[in-house]
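Dear colleague,

I am handing over the structure below, and I would be glad if you could read the notes that follow with the coordinates open beside them.

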Amino acid sequence: MDERPTETSWQTALQDTQWKALAEQLSGPSTNRLTESEVAQIRQIVSFLLGADSRIFIRERPSSSGPPTTHIMVESPRVLSEKLVTQALLIDRLRRPLERHRVRVLLIDPQFTLTEEHKRFRFVAREY
């Protein structure tokens with residue numbers, strides 16, 4: 001008769017080296033992730049350019065070769081008359097604090113039509 005394992009704690013299982021290797025393989029090395037200070041700088045830059053009430057969605061995609069790709073969706077509560085110029089300025093300002101990442105920025109406002117892909121991105125990304 002099969003015996004049940006005596007330890008069923010997930011925390012103990014996650015300490016196993018095989019599980020750690022699998023978790024790192026799925027999520028990528030943690031050294032390439034955004035730090036809290038980088039996220040704070042992103043928030044500060046977006047707040048300065050678009051206001052403190054803007055929403056930021058960030059999703060990191062680790063890369064096995066080279067720097068990770070960081071996708072940032074910034075949602076402005078106000079309609080932007082010069083959206084492309086503002087987006088270029090935002091990318092330029094984010095380039096320095098995120099120089100170790102490949103950054104893709106999408107700026108949306110109330111006039112922007114969200115596709116299903118954009119809605120999925122907002123669902124899986126972290127909001128800051």
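**What was found**

With a relative accessibility of 35%, L89 counts as partly exposed, because the class of partly exposed residues lies between the buried limit of under 20% and the exposed limit of over 50%. Please keep in mind that this is a predicted model. L89 sits in helix α4, which spans residues 83-95, and its C-alpha atom is separated by 8.8 Å from that of L49, although the two residues are 40 apart along the chain.

That pair leads to the packing of two helices. On the α3 side the contact is made by I42, I45, V46, F48, L49 and L50, which meet T86, L89, L90, R93 and L94 in α4. By residue class, this contact divides into 9 nonpolar, 1 polar and 1 charged. The axes of α3 and α4 are 10 Å apart and the helices pack at an angle of about 150 degrees; since angles over 145 degrees count as roughly antiparallel, α3 and α4 are therefore roughly antiparallel to each other. The crossing of these two helices, α3 and α4, is right-handed.

Which residues have the most contacts inside the largest nonpolar core? They are I42, V46, I72, V74, L90 and L94, in a core that has 16 residues. At least two residues of this core are supplied by each of α3 (36-50), β1 (55-61), β2 (69-75), α4 and β3 (102-108), and it is α3 that gives the most, with 5 residues. A second core, separate from this one, has 5 residues, with F57, M73, I108 and F121 among them.

I72 may be a useful residue to display when you look at the core. Leaving aside residues up to four places away in sequence, I72 touches I42, I56, F57, I58, L94, L98, V103, R104, V105 and L106, and this list includes I42 and L94, which also take part in the contact between α3 and α4.

For the chain as a whole, there are 5 helices and 4 strands, and from the N terminus on the elements run α-α-α-β-β-α-β-α-β. Of the 128 residues in the chain, buried residues make up 30%. Among contacts in the chain with a separation of 6 or more, 69% are accounted for by residues 24 or more positions apart.

With kind regards

Key: Residues are numbered from 1 along each chain as its sequence is written. This is a predicted model: local features need pLDDT of at least 70, side-chain atom pairs count only at pLDDT 80 or more; totals for chains, interfaces and linings use all residues. Side-chain values use heavy atoms; hydrogens and water are left out. Buried means under 20% relative accessible area, exposed over 50%, partly exposed in between (1.4 Å probe, protein chains only). A nonpolar core is a set of buried Ala, Val, Leu, Ile, Met, Phe, Trp, Tyr and Cys residues joined through side-chain atoms within 4.5 Å. Contact means heavy atoms within 4.5 Å. Axes are lines fitted to C-alpha atoms, for helices over the stretch in contact, and angles run from 0 to 180 degrees between N-to-C directions. Angles under 35 degrees count as roughly parallel, over 145 as roughly antiparallel, 65 to 115 as roughly perpendicular and the rest as oblique. A crossing is left-handed if the near helix is turned anticlockwise from the far one by less than a right angle, and right-handed if clockwise. Ala, Val, Leu, Ile, Met, Phe, Trp, Tyr, Cys and Pro count as nonpolar, Asp, Glu, Lys and Arg as charged, and the others, Gly among them, as polar.
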